[in-house]
Amino acid sequence: CGPHVLRNNPSKSYQQTIGTKSILTSMMQEHSVQRDILLLGPKGIGKTHVAKEFISMLGYHPSSPNSNNSNRTSSTSSSSSYNVFHCYRDVSSRDLLQKRNTNATTGETYWEHSPLVQAAMNGGVCVLDGVDKLSPGVLSTLHSLL
């Protein structure tokens, strides 16, 4: 359920309410039986903030940012890190699975696993922020990772 001992108290930057406590409790129950979690709600109500608090409670920490990729946080091979992958309407199936990179020295391009695939392979966590914006065809790509 995470790389460290479960933290019961909210982090200092998180303002817990009765509603968010109930949501976090439900998320913990779903996670304990290895179910994937989908938070739905209007824009700006704090879904990503609640998700980050939940992940933090499990002992995960944010990965370091990758300046070469503007829509996602870079993944490390550590299973104790998490990523937030920001989804947009133009995200393709390939974007969910791979990202193209360029070697700064040689200029050669190469493909590497996306943060989502790295999280699946290494036991990490990847938050798909805005998954509702993805087309049905792109959403079907997620099935292979679940």
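**Exercise 1. Find the residue of E5 that stands opposite Phe85, then describe the sheet around this pair.**

Start at Phe85: across from it, in E5, stands Leu128. Before going on, a word on the model: it is predicted, so local features need pLDDT of at least 70 and side-chain atom pairs count only at pLDDT 80 or more, while totals for chains, interfaces and linings use all residues. Residues are numbered from 1 along each chain as its sequence is written, and side-chain values use heavy atoms, with hydrogens and water left out.

Next, look at the strands. Helices (H or I, at least four residues) and strands (E, at least two) are DSSP runs, numbered from the N terminus. E2 and E5 are joined by five bridges in the parallel sense; two strands pair if DSSP finds at least two bridges between them. The open sheet has three strands, in the order E1-E2-E5, with parallel pairing. Strand E1 (61-62) and E5 are at the edges with a single partner strand each, so each has one side without a neighbour in the sheet.

Finally, add the helix. H2 packs on this sheet and touches E2 and E5, and its direction makes about 175° with that of E5. Such axes are lines fitted to C-alpha atoms, for helices over the stretch in contact, with angles from 0 to 180 degrees between N-to-C directions.

**Exercise 2. Work out which side chains of strand E3 (residues 98-102) are buried, and how E3 meets E4.**

Begin with the general pattern: in a regular strand, side chains alternate between the two faces of the sheet. Here Lys99 and Asn101 point to one face and are buried, whereas Gln98, Arg100 and Thr102 point to the other and are not. Buried means under 20% relative accessible area, exposed over 50%, and partly exposed in between (1.4 Å probe, protein chains only).

Now follow the chain onward. E3 and E4 pair in the antiparallel sense over five bridges, and Thr102 has Thr109 as its bridge partner in E4. The two strands form a hairpin with six residues between them, and Gly107 in the turn has a positive phi of about 80°.

**Exercise 3. Name the residues that touch the most other members of the largest nonpolar core, and trace where the core comes from.**

A nonpolar core is a set of buried Ala, Val, Leu, Ile, Met, Phe, Trp, Tyr and Cys residues joined through side-chain atoms within 4.5 Å. Among the 14 residues of the largest one, Leu24, Phe54 and Ile55 touch the most other members. Helix H1 (18-32), helix H2 (47-57) and strand E2 (81-86) each give two or more residues, and H2 gives the most, with five.

Then zoom in on Ile55: leaving aside residues up to four places away in sequence, Ile55 touches Tyr60, Tyr82, Val125 and Val127. A second, separate core has eleven residues, including Cys87 and Leu134.

**Exercise 4. Explain why Cys87 and Cys126 are not bonded to each other.**

A disulfide is a covalent bond between the sulfur atoms of two cysteines. The cut-off used is a pair of cysteine sulfur atoms within 2.5 Å, and the structure holds zero disulfides. The sulfur of Cys126 is 8.0 Å from that of Cys87, its closest cysteine sulfur, which is too far for a bond. Both residues are buried: the relative accessible area is 2% for Cys87 and 18% for Cys126.

Conventions:
Contact means heavy atoms within 4.5 Å.
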